[in-house]
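Q: I have a sequence and a structure open side by side, and I would like to learn how to read them. Could you take me through some features, one at a time?

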Amino acid sequence: MDLTPLRMLITRQSLAVTLAAAGGFASTPARAQTFAEEVAQASYDASIAPADPPAALRSDAAPVNADALADQAAAAKQAEEIDIVRQLARQRGGQPAALAQIIQMSRSFNDAVAAEILDELAAAHLRAGDLNLAADARRVLAEQYPGTPRAQDALLWLVRLYSSSEMVHARRQPSQGAVDMLRQIPANADLANARTNGAVKRELREQRNQRSTAANQPAAPYAIHLATQSMDRHPELADNAALAYQRAIAARLAGQQKQSQAFLSPLKHRRGGDPWGDCARMEAWLESGDDQRPPKPTALCVFADDPPQLDGLLNEPFWQLALPLPLKPHHAPAAGVKSDVVQARYEQPSSDSPTSAAPAASQVQLAYDREYLYVAIVCEKPAGAVTAADDGPRPRDADVEPHDHVTLRLDVDRDYASCFELLIDSRGWTADRCWGDAAWNPEWFVAAGELNGAANGHAWIVELAIPWSELTPTPPTRGNAWALSLVRTLPPAANQPSQSWRGPAGASPGPESFGVLQFE
């Protein structure tokens with residue numbers, strides 16, 4: 001008699017009993033299934049499908065050690081449990097109880113797997129638009145599984161979140177999670193063994209007592225505390241340049257300028273071309289006002305004496321003064337090349353290439369006054385391209401990805417991570433995000449048009465006006481500097497690569513993809 005189906009059924013029922021006992025859930029036919037019951041049901045359903053007997057149970061199989069067979073069965077059972085819990089984590093975005101449930105379900109898994117599942121839960125919360133729940137999940141991940149790669153990523157994300165000018169302004173208040181974390185910094189926070197000496201401890205206490213000298217960054221002191229504490233407990237984090245740089249930015253935003261410079265000092269000595277080294281050297285260049293060549297590319301944002309007529313014609317005098325920033329095709333580094341220095345170069349089509357037509361030219365200009373940031377974009381259409389006109393109402397957060405479009409990224413605090421993203425396509429349709437969060441819905445103004453007589457026949461033009469109130473509490477003034485990334489993405493039918501102002505034109509840009517915008 002073949003006992004395999006019976007064994008599989010017993011196994012599934014055992015899983016249901018175990019999970020229900022671990023989570024404290026009881027089965028009641030009159031109500032909806034609990035989380036644990038869903039796991040058990042999914043596991044039971046999977047057992048219904050017919051399966052061939054394992055090789056070790058067939059009569060023609062070679063004898064197998066009983067212990068090895070048991071180990072294989074246990075491994076197969078846990079692999080199935082992991083897959084079920086992983087799938088449920090992906091479906092629990094926005095549900096407050098999910099974190100405790102996933103922790104219970106994952107406690108028998110190894111640290112790396114449990115960390116991955118918690119990270120997937122955090123991603124599900126972000127997709128659901130719940131930043132606080134995502135932060136809770138990644139905080140638990142970093143605390144419970146500090147030795148895993150996902151923990152380092154979670155820690156960096158948290159420090160960036162708590163020191164992000166863009167996220168604070170987009171939500172007009174710090175997240176509740178950030179406020180709660182800030183309150184947890186004890187008056188006698190033990191940072192005596194931190195590599196940055198006792199000054200951090202004194203400054204953290206002063207910032208907490210004064211409710212932070214930087215009113216717009218109330219959670220920045222906690223970001224410093226979190227990064228410093230983690231780097232002190234885990235020496236391997238000392239080599240994490242992104243975390244070290246973010247800690248320095250958090251210190252600057254918290255009003256701790258001297259401490260910020262001390263944090264940046266080791267990064268400034270990284271070799272030339274290192275992305276984070278260049279960022280640290282750029283901070284020193286901006287602070288000193290040196291006339292020497294800046295470590296990163298710069299662009300000027302000219303002041304507009306009179307507001308423009310937003311019509312897409314670009315015939316105001318200040319547009320003649322604003323230097324155009326050309327966007328060029330970018331060639332990514334060859335796959336398999338291991339280097340912590342990303343070198344960007346621009347692609348020139350060969351004459352014998354089947355796509356040797358000259359790339360469609362693109363340029364962006366920027367200007368500002370006391371109320372708005374103005375942006376002018378001129379993009380030649382690829383040969384043979386037809387832009388569909390659409391005079392109907394423009395939807396919010398339109399799907400611009402299939403169309404020829406430009407992505408403007410504005411990084412207010414120059415952390416080269418969190419930023420405002422404004423997307424505009426050839427029809428004048430728009431989308432906007434704040435560090436990937438589509439819940440940010442600013443009000444901004446667009447005029448779209450066309451220009452005949454361009455090199456490829458004609459070009460599309462958009463003229464933008466973005467209120468400062470949507471980007472920052474205080475409009476920038478002469479001498480201020482933001483980080484800036486510009487990318488043009490052409491539709492697949494154009495058979496042309498993406499274009500950028502600086503560095504790689506990827507969807508998740510790193511520091512090498514940003515230059516610095518200086519307000520004139």
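**Reading the structure step by step**

A: Gladly! Let us begin with one residue: D119 lies in helix α5, which covers residues 111–127. Keep in mind that this is a predicted model.

Q: Is D119 buried or exposed?

A: The way to decide is to look at the relative accessible area, where under 20% means buried. D119 has a value of 17%, so it counts as buried.

Q: Which residues is D119 in contact with, leaving aside its neighbours within four places in sequence?

A: With that filter, D119 is in contact with R138, L141 and R150. Let us follow R138, which lies in helix α6.

Q: Is R138 buried or exposed?

A: The reasoning is as before: R138 has a relative accessibility of 10%, and therefore R138 is buried. Leaving aside neighbours within four places in sequence, R138 is in contact with D119, A122, A123, L126, A154, W157 and L158. Take W157 from that list: R138 and W157 are 19 residues apart in sequence, and their C-alpha atoms are 8.3 Å apart in space.

Q: How do I describe the way α6 and α7 pack?

A: Start with the angle and the distance between the axes. Helix α6 (residues 131–144) and helix α7 (residues 149–162) pack at an angle of about 135°, and their axes are 8 Å apart. An angle over 145 degrees would count as roughly antiparallel. The angle here does not fall in that class, and α6 and α7 are therefore oblique to each other. The crossing of α6 past α7 is left-handed.

Q: Which residues of α6 and α7 meet?

A: From α6 come L131, A134, A135, R138, R139, L141 and A142. Across from them, α7 brings R150, A151, A154, L155, W157, L158, L161 and Y162. Sorted by class, the contact of α6 with α7 has twelve nonpolar residues, no polar ones and three charged ones.

Q: What is the arrangement of α4 and α5?

A: Use the angle again. Helix α4 (residues 98–106) packs with α5 at an angle of about 160°, with the axes 10 Å apart. For α4 and α5 the outcome is therefore roughly antiparallel. Their crossing is right-handed. On the α4 side the contact is made by A98, L99, I102, I103 and S106, and on the α5 side by A114, I117, L118 and L121. By class, the contact of α4 with α5 has eight nonpolar residues, one polar residue and no charged residues.

Q: Let us turn to strands. Which strands does β1 pair with?

A: For each pair, read the direction and the bridges. Strand β1 (residues 298–303) pairs with strand β13 (residues 515–519) in the parallel sense, over four bridges. One detail there is that A299 has L517 of β13 as its bridge partner. β1 also runs parallel to strand β4 (residues 362–368), and two bridges join them. In that pair, V302 has A367 of β4 as its bridge partner.

Q: In what sense do β4 and β5 pair?

A: β4 and strand β5 (residues 372–380) pair in the antiparallel sense, over seven bridges. The bridge partner of Q365 in β5 is A376. A hairpin through three residues joins β4 to β5.

Q: How many residues of β4 are buried?

A: A general idea helps when you look at any strand: in a regular strand the side chains alternate between the two faces of the sheet. As for β4, six of its seven residues are buried, so it is mostly covered.

Q: What does A483 touch, not counting residues up to four places away in sequence?

A: A483 sits in strand β11 (residues 481–489). Its relative accessibility is 1%, so A483 counts as buried. With that sequence filter, A483 touches R409, L410, D411, R414, Y416, F514, G515 and V516. A483 and P297 are 186 residues apart along the chain, while their C-alpha atoms are separated by 10.0 Å.

Q: How many helices and strands are there in the protein?

A: The protein has 15 helices and 13 strands. Of its 520 residues, 47% are buried. Among contacts with a separation of 6 or more, 65% are between residues 24 or more positions apart.

Methods: Residues are numbered from 1 along each chain as its sequence is written. This is a predicted model: local features need pLDDT of at least 70, side-chain atom pairs count only at pLDDT 80 or more; totals for chains, interfaces and linings use all residues. Side-chain values use heavy atoms; hydrogens and water are left out. Two strands pair if DSSP finds at least two bridges between them. Buried means under 20% relative accessible area, exposed over 50%, partly exposed in between (1.4 Å probe, protein chains only). Contact means heavy atoms within 4.5 Å. Axes are lines fitted to C-alpha atoms, for helices over the stretch in contact, and angles run from 0 to 180 degrees between N-to-C directions. Angles under 35 degrees count as roughly parallel, over 145 as roughly antiparallel, 65 to 115 as roughly perpendicular and the rest as oblique. A crossing is left-handed if the near helix is turned anticlockwise from the far one by less than a right angle, and right-handed if clockwise. Ala, Val, Leu, Ile, Met, Phe, Trp, Tyr, Cys and Pro count as nonpolar, Asp, Glu, Lys and Arg as charged, and the others, Gly among them, as polar.
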